[in-house]
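Good morning, and thank you for coming. I would like to speak today about charged side chains and how they pair. Please look at the sequence and the structure as I bring them up.

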Amino acid sequence: SSSGCPLLARFAMRRLLSPGFVPPRWARAPASSLRRWPTLQEWRGDLEPATCIDGTRGAATAARPPRSQYLERRPGVQPEAKEAEEPKRYGPMDCDIKPKDQLRPLLPTWNPPPTRPPQPQELEVGTRLRFKLEDRWWAATVRSIDEEGTHVKVGYDGWPGRHDEWVTRDSDRLYLHESFHPEYEAPPLPQRFTRPVPTDEEGNPLPVAARAPRPKVFDAEKERLKRALRPPLPYNPEKERMKRLLRGQYAPPIVEETSQVRQPWEDAAPKAAQSTQSQVPESAASSEPLTASTAPAAAAEPAKAAKAAPAAAPVPPLEPAPAPSSAVDWVEVPGGLDGERAFRSARTGRTVKGAPPSGWVEVCVEGSAPYYWNVERGVTQWEPPQ
């Protein structure tokens with residue numbers, strides 16, 4: 001540099017600028033190698049590449065690299081103005097005067113219908129309109145009119161009543177529906193499916209024939225599941241015996257076991273016998289005979305009890321009891337007495353309500369022969385006791 005060694009720098013400058021100076025061989029280089037590197041502006045493509053010493057153009061890039069988000073725009077350079085894109089609008093732009101389906105008249109459009117704003121006197125309940133909301137024209141109907149007649153309630157077709165709005169009669173959001181246009185054609189009604197009816201040669205409809213039965217494919221797994229889910233049937237011994245016989249197996253005969261019929265009051269028989277014995281008066285329980293002095297007193301006691309007791313209804317006459325066996329002590333009264341089961345003593349003829357105290361009892365069975373019951377032992381049998 002000129003600051004470090006001024007004398008050497010002066011000598012080098014004079015040597016280079018002299019007309020007869022020839023560079024050494026090691027410093028000579030081909031002309032193609034004398035190209036310089038392009039600047040940042042040339043690399044980005046903002047400027048044309050500079051011309052090299054030998055007249056060739058500088059190196060150019062094949063494609064422009066993407067702009068980094070960290071680079072700042074140079075001052076004084078205006079960004080390229082982008083063309084304003086029109087907003088995308090979905091749905092029909094104009095109303096269809098000749099719709100082909102029932103849905104088309106209900107769709108909102110971006111442009112108003114080819115009609116006119118309604119006159120205030122034309123707005124009545126049920127008048128079809130196109131109502132403007134958010135730059136779109138919706139199919140609507142006049143729902144009601146206020147009492148003063150200055151406002152109308154507009155409801156959107158196909159939408160619930162919570163979206164209805166009150167507007168004035170001269171509102172600029174109201175337009176007559178396209179159905180008021182003279183060239184308007186209502187959409188065709190949807191065709192319902194009709195089943196073809198077979199006819200004969202003359203065109204007369206044939207009577208409806210029964211459908212051929214469809215063969216049901218047997219599914220073993222399905223039948224097994226149906227049987228598994230089916231509730232079990234009650235056990236039938238005769239059916240099981242027939243199944244064994246059809247299989248060729250031995251089937252023993254069915255033996256009917258006669259179970260002893262035990263009445264609900266049989267368990268209370270011993271208790272009733274004890275209570276009956278405890279209620280016997282002491283005079284009857286003692287073995288001493290009644291004397292002349294005690295007999296009138298004993299006879300007076302039933303008379304006093306009869307006077308104190310209220311007059312009871314007369315007991316209907318009972319049917320004569322069949323001749324019981326010699327060992328039977330009590331016979332059941334058919335039909336009972338006062339709604340209770342009653343038994344008559346075979347020896348004394350006394351009637352007792354409820355279970356008898358002791359001995360053999362002949363019990364009546366409706367529609368069958370009577371059976372015999374021993375109160376002390378609680379045993380029943382069909383044969384008369386001996």
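I begin with Arg 130 and Glu 178, whose side chains form a salt bridge with an N to O distance of 2.8 Å. This pair connects distant parts of the chain, with the two positions 48 residues apart in numbering. Arg 130 belongs to strand E1, residues 128-133, while Glu 178 sits in the loop between strand E5 and helix H3. Please bear in mind that this is a predicted model.

Are these two partners buried or exposed? Arg 130 has a relative accessibility of 1%, and because the cut-off for buried is under 20%, Arg 130 counts as buried. Glu 178 is likewise buried, at 1% relative accessible area.

Let me turn to a second pair. Glu 221 and Arg 224 form a salt bridge, their closest N and O atoms lying 2.7 Å apart. Here both residues are in helix H3, separated by three residues, or about one turn of the helix. Glu 221 is partly exposed at 43% relative accessibility, and Arg 224 is partly exposed at 47%.

The third pair is Asp 338 with Lys 353, a salt bridge of 2.8 Å from N to O. This one also links distant parts of the chain, 15 residues apart: Asp 338 is in the loop between strands E6 and E7, and Lys 353 is in strand E8, residues 351-353. Asp 338 counts as exposed, at 65% relative accessibility, whereas Lys 353 is partly exposed, at 41%.

Finally, how many salt bridges does a search of the whole structure find? The search finds 11.

Methods: Residues are numbered from 1 along each chain as its sequence is written. This is a predicted model: local features need pLDDT of at least 70, side-chain atom pairs count only at pLDDT 80 or more; totals for chains, interfaces and linings use all residues. Side-chain values use heavy atoms; hydrogens and water are left out. A salt bridge is a side-chain nitrogen of Lys or Arg within 4 Å of a carboxyl oxygen of Asp or Glu. Helices (H or I, at least four residues) and strands (E, at least two) are DSSP runs, numbered from the N terminus. Buried means under 20% relative accessible area, exposed over 50%, partly exposed in between (1.4 Å probe, protein chains only).
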